[in-house]
Amino acid sequence: MRKKHLAMLLSRLEGFPEPKPELEQYRTPGDVAAELLWLAHSAGDIEGKVVADLGTGTGVLAVGAKLLGAERVYAVEVDGKALKVARKNAERAGAEIEFINADVSEFEEKVDTVIMNPPFGSQRKGADRPFLLKAFEVADRVYSIHLAKPEVRNFIKKFSADNGFTAIRLTTVPFEIPAQFRFHRKRLERILADIYRFERY
Ligand code: SAH
């Protein structure tokens, strides 16, 4: 499968039925998800690996990982309604995924690779921390998306180092957030996001 094809396929999956702002439920755009997955795949971190998607939402990253040959994919999500959509998306894509309806902090499986698009922490400050902490606990390799802002970059660098990980900023991509939340005035908000790989020291 080519990256473009994967992006198209992922962008066609169903979105959040009733997005909850407090959970920062905006789906990962297909091209951004494909970019993250391609970077991980090229580094040998997807094919034949046990992978976890933390905060899977509608399942975009989890489905992509399975399609790229992951041996096993766990997908953790606290919101049952989102998970229902994720299950449907997985079924349609023919991707077998182990869905877990729980808070990320409750996930206890050891995996090879974590992939995630955690809450950016713009609604609830620090909302990205339990995600990073759990990822650092269960995997040696982590791919994640964060806001491309100086203060976030500084935080990520320090927080990962404090937890025994090197943060490598792989690329910066445009990320479109639909104006589904009442505090968004524009129809579509375009922000910039960094895609990282974290490696245990
Ligand atoms: N990649 C997903 C979107 C991620 S948005 C997609 O494309 O659909 C972040 C997701 O994390 C949301 O689905 C939200 O419900 C979930 N979430 C937020 N806090 C959580 C927590 N503490 N535990 C598990 N899931 C959480």
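This short presentation describes the surroundings of a bound ligand, several individual residues and a set of salt bridges in one structure. Good morning, colleagues. Please keep in mind throughout that the structure before you is a predicted model.

I shall begin with the ligand. Around the ligand there are 20 residues, and those that come nearest are Gln25, Thr28, Thr58, Glu77 and Val104. Which atoms of the protein lie beside the oxygen atoms of the ligand? For Gln25, a polar side-chain atom lies 2.9 Å from a ligand oxygen. For Thr28, the backbone supplies the atom: an N or O there lies 2.7 Å from an oxygen atom of the ligand. On the nitrogen side, a polar backbone atom of Val78 is 3.4 Å from a nitrogen atom of the ligand. How much of the ligand does the protein cover? On its own the ligand has 570 Å² of accessible area, and the protein covers 97% of it.

Let us stay with Val78 for a moment. Val78 sits in the loop between β2, residues 72–77, and α4, residues 80–93. With a relative accessible area of 44%, Val78 is partly exposed, because that value falls between the limits of 20% and 50%. Setting aside neighbours within four places in sequence, Val78 is in contact with Leu23, Asn101, Ala102 and Asp103. One of these contacts deserves a comment: Val78 and Asn101 are 23 residues apart in sequence, yet their C-alpha atoms are 5.4 Å apart in space.

Thr28, which we met beside the ligand, also leads us to Asn117. The side chains of Thr28 and Asn117 make a polar contact at 2.7 Å. Asn117 belongs to the loop between β4, residues 113–116, and α5, residues 129–138. Is Asn117 buried or exposed? Its relative accessibility is 12%, so Asn117 counts as buried. If we leave out residues up to four places away in sequence, Asn117 touches Tyr26, Thr28, Leu54, Leu61, Ile145 and Phe175.

The next residue is Asp53, in strand β1, which covers residues 50–54. Asp53 is a charged residue that is buried and yet has no salt bridge. Where is the nearest side chain of opposite charge? That side chain belongs to Arg27, and it is 12 Å away. A salt bridge requires the nitrogen and the carboxyl oxygen to be within 4 Å, which means that Arg27 is not a partner for Asp53. The side chain of Asp53 does, however, make a polar contact with the side chain of Thr56, at 2.6 Å. Beyond four places in sequence, Asp53 touches Leu61, Ala62, Tyr74, Ala75, Val76, Ile115 and Met116.

For contrast, consider Pro150, in helix α6, residues 150–162. Its relative accessible area is 59%, so Pro150 is exposed. Pro150 and Glu199 are 49 residues apart in sequence, and their C-alpha atoms are 21 Å apart in space.

I turn finally to the salt bridges. Side chains of opposite charge can pair when their charged atoms come close. How many salt bridges does the model contain? The count is 15, and I shall present three of them.

In one, the side chains of Glu98 and Arg72 meet at 2.8 Å, N to O. This pair links distant parts of the chain, with Glu98 in strand β3, residues 98–101, and Arg72 in strand β2, 26 residues apart. Both are partly exposed, Glu98 at 31% relative accessibility and Arg72 at 36%.

Another joins Glu108 and Lys134, whose closest N and O atoms are 3.9 Å apart. Here Glu108 is in the loop between β3 and β4, while Lys134 is in helix α5, 26 residues apart. Glu108 is exposed, with a relative accessible area of 53%, whereas Lys134, at 4%, counts as buried.

The last of my examples is the salt bridge between Asp140 and Arg200, with closest N and O atoms 2.6 Å apart. Asp140 lies in the loop between α5 and β5, and Arg200 lies in strand β7, so this pair ties together parts that are 60 residues apart in sequence. Asp140 is partly exposed at 45% relative accessibility, and Arg200 is partly exposed at 38%. In addition, Asp45, Arg141, Arg197 and Glu199 are joined into one network by salt bridges that share partners.

Thank you for your attention.

How values were computed
Residues numbered from 1 in each chain as written. Predicted model: local features only at pLDDT ≥ 70, side-chain atom pairs only at ≥ 80, totals over all residues. Heavy atoms only, no water. Helix = DSSP H or I, 4+ residues; strand = E, 2+ residues; numbered from the N terminus. Buried < 20%, exposed > 50% of the residue type's maximum accessible area, 1.4 Å probe, protein only. Lys, Arg positive; Asp, Glu negative; His and termini not counted. Polar contact = N/O pair within 3.5 Å; in protein donor to acceptor, adjacent residues only side chain to side chain. Contact = heavy atoms within 4.5 Å. Near = heavy atom within 4 Å. Areas by Shrake-Rupley, 256 points an atom, 1.4 Å probe, with all protein chains shown as cover.
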